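Here are two short exercises to work through with the model open in your viewer. Try each task before you read its solution.

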Amino acid sequence: MKHMNDVIIVGGGVIGSSIAYNLAKRGQSVMLLERGRLGMEASAAAGGMLGAQSEMEDTGPLFQWARQSRAMFPQLSEELKALTGIDIGLVREGLLNVALSDVQEQELRAREKLQRAAGEQAEWLSAAAAAKLEPALSGATRGALYLPGDGQVEAPLLAAAFAQAARVLGAKVQEFAQVQGLLTERGRAVGVMTSEGPLYSDNVVVAAGTWSGQLMARIGVDLPMYPVKGECFSVLTTKPLLRKTLFTTGCYIVPKAGGRLLVGATVVPNSYDRKVSLAGLAELMDRARLLMPALGEAEWEKAWSGLRPQTADGLPYIGKVPAYEGLYAACGHYRNGILLSPVTGKVIADFVLGGGEDSFQPELELVLEIGSETELGSETTSGTVTGTGTRTEAQTFSAMESLLDAFSPDLSGQSKRIGRREGKQFSAIGKELHSIEAAH
Ligand SMILES: Cc1cc2nc3c(=O)[nH]c(=O)nc-3n(C[C@H](O)[C@H](O)[C@H](O)COP(=O)(O)OP(=O)(O)OC[C@H]3O[C@@H](n4cnc5c(N)ncnc54)[C@H](O)[C@@H]3O)c2cc1C
């Protein structure tokens with residue numbers, strides 16, 4: 001069998017492109033296959049917030065990944081600019097997590113303590129102090145949690161820069177190349193079937209956003225996923241009204257270059273259609289004007305939508321697929337794929353290259369190694385994994401669950417994956433999906 005590439009990557013969004021870049025940088029011959037145009041799905045729709053602190057509800061492993069990833073942006077921005085000439089628009093002005101109610105104030109004050117205990121900068125501001133920082137903020141503000149470390153980028157430019165940088169470093173990048181199936185042989189991945197015929201490789205990475213679960217299902221790998229549509233709009237102002245991102249339950253406003261304000265986002269689970277609804281936009285506009293009344297005077301620019309790749313319990317799948325040697329998953333980043341793209345690219349490259357000197361942070365080993373020693377075929381039982389360190393017997397999942405957890409950091413003891421035999425593949429017990437989705 002002819003192996004034309006060291007690695008084939010399925011999906012040319014920000015995740016697949018980051019992986020291609022990281023692997024090409026480390027001398028691998030890479031083929032990136034995108035069925036449409038590069039970066040035109042979720043990655044083009046994103047607000048670009050690097051919300052390592054604003055997005056994470058606790059300080060578990062995913063938070064560790066998020067802050068590692070956020071910290072990678074300054075150097076990444078320089079690297080990508082040098083290789084491609086593309087400025088990814090990194091802005092490090094911080095974010096105001098705004099409370100408009102008592103409940104929100106309590107939540108944010110609790111989060112301030114949590115973040116500080118984790119060694120991050122977080123400061124509760126009175127309404128007056130918040131208004132001093134951002135005078136356009138609504139008079140209805142009860143106060144705000146100031147997170148100076150959470151920045152933002154231009155998401156479509158980041159995706160484009162990763163893909164272009166990968167090309168510059170020798171990766172082959174093919175648009176309009178649909179992968180119809182994954183090719184396997186005697187328990188290992190050997191390539192992919194495309195509309196143009198088979199392509200062979202010893203390593204295949206599935207980074208196909210919300211469609212990843214469907215591709216995996218065809219070879220018997222169960223990665224429960226579903227799309228969550230998000231609608232956004234943007235307006236133009238004659239002079240800049242904001243410096244920091246404003247973020248509250250159900251709405252955020254991200255100041256972009258040239259007086260442009262990006263407003264997001266609705267939450268429509270299980271929708272594969274990308275139409276922008278009037279009802280969705282109307283609700284978003286109401287929320288945004290509550291947060292920043294001057295928005296009403298701004299000039300309309302455009303509206304759009306994208307499909308966030310969500311998993312059953314809200315945690316991404318990143319790592320090896322134990323059932324098939326040479327097969328990797330990098331999908332399900334939901335609301336944080338832009339933020340998590342640098343670290344995901346690096347971690348997958350580490351996996352493909354066999355870890356070693358370049359392997360990731362020791363405290364994340366649990367996340368990376370879960371499930372790798374569990375054999376398929378044992379009884380299904382449920383369980384949870386918490387904390388960090390080496391995996392113990394007691395933490396061992398059933399075959400199906402280890403398959404899922406192999407790639408998923410577990411946010412907290414509350415989060416629990418559901419076995420297939422319980423007949424609830426898409427449930428997430430102990431996690432209030434609605435509440436975590438509400439803000440984004
Ligand atoms: C409205 C909205 C706002 C968001 N805001 C933020 C934010 O502020 N910060 C943040 O960090 N994240 C944000 N996100 C989330 C972020 O956009 C996603 O997590 C991220 O883009 C996922 O990247 P991806 O590459 O996995 O998926 P995608 O960008 O969807 O890319 C997957 C690609 O795979 C391709 N593909 C699928 N099937 C095949 C196949 N069979 N063969 C070949 N190619 C295939 C698709 O065409 C697609 O281009 C937001 C998302 C939305 C929708």
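**Exercise 1: a strand and its neighbours**

Keep in mind that this is a predicted model. Strand β5 (residues 123-126) pairs with β6 in the antiparallel sense, over four bridges.

Task: work out which residues of β5 and β4 sit across from Tyr146, and whether β6 is covered or open.

Solution:
1. Start on the β5 side, where Glu123 stands opposite Tyr146 of β6.
2. Now look at strand β4 (residues 95-99), which runs antiparallel to β6 and is joined to it by five bridges. Here Leu96 has Tyr146 as its bridge partner.
3. Next, check the cover on β6 (residues 143-147): five of its five residues are buried, so the strand counts as mostly covered, with 20 or more other C-beta atoms within 10 Å as the cut-off for buried.
4. Finally, sort the β6 residues by direction. Gly143, Leu145 and Leu147 point one way, Ala144 and Tyr146 point the other way, and all are buried.

**Exercise 2: two helices that cross**

Task: describe how helix α1 (residues 14-25) meets helix α9 (residues 337-352).

Solution:
1. Packed helices are described by the angle and the distance between their axes.
2. For this pair, the axes come within 8 Å and cross at roughly 45°. That angle makes α1 oblique to α9.
3. On handedness, α1 passes α9 in a right-handed crossing.
4. Now the contact itself: by class, it has 10 nonpolar, six polar and one charged residues.
5. To find them, look in α1 for residues including Val14, Ile15 and Ile19, and in α9 for partners including Ile338, Lys346 and Val352.

Key
Residues numbered from 1 in each chain as written. Predicted model: local features only at pLDDT ≥ 70, side-chain atom pairs only at ≥ 80, totals over all residues. Buried ≥ 20, exposed ≤ 12 C-beta atoms within 10 Å, placed from the backbone. Helix = DSSP H or I, 4+ residues; strand = E, 2+ residues; numbered from the N terminus. Pairing = 2+ DSSP bridges. Axes fitted to C-alpha atoms, helices over the stretch in contact; angles between N-to-C directions. Parallel < 35°, antiparallel > 145°, perpendicular 65-115°, else oblique. Left-handed = near helix turned anticlockwise from the far one by under 90°. Contact = placed C-beta atoms within 7 Å. Nonpolar A, V, L, I, M, F, W, Y, C, P; charged D, E, K, R; others polar.
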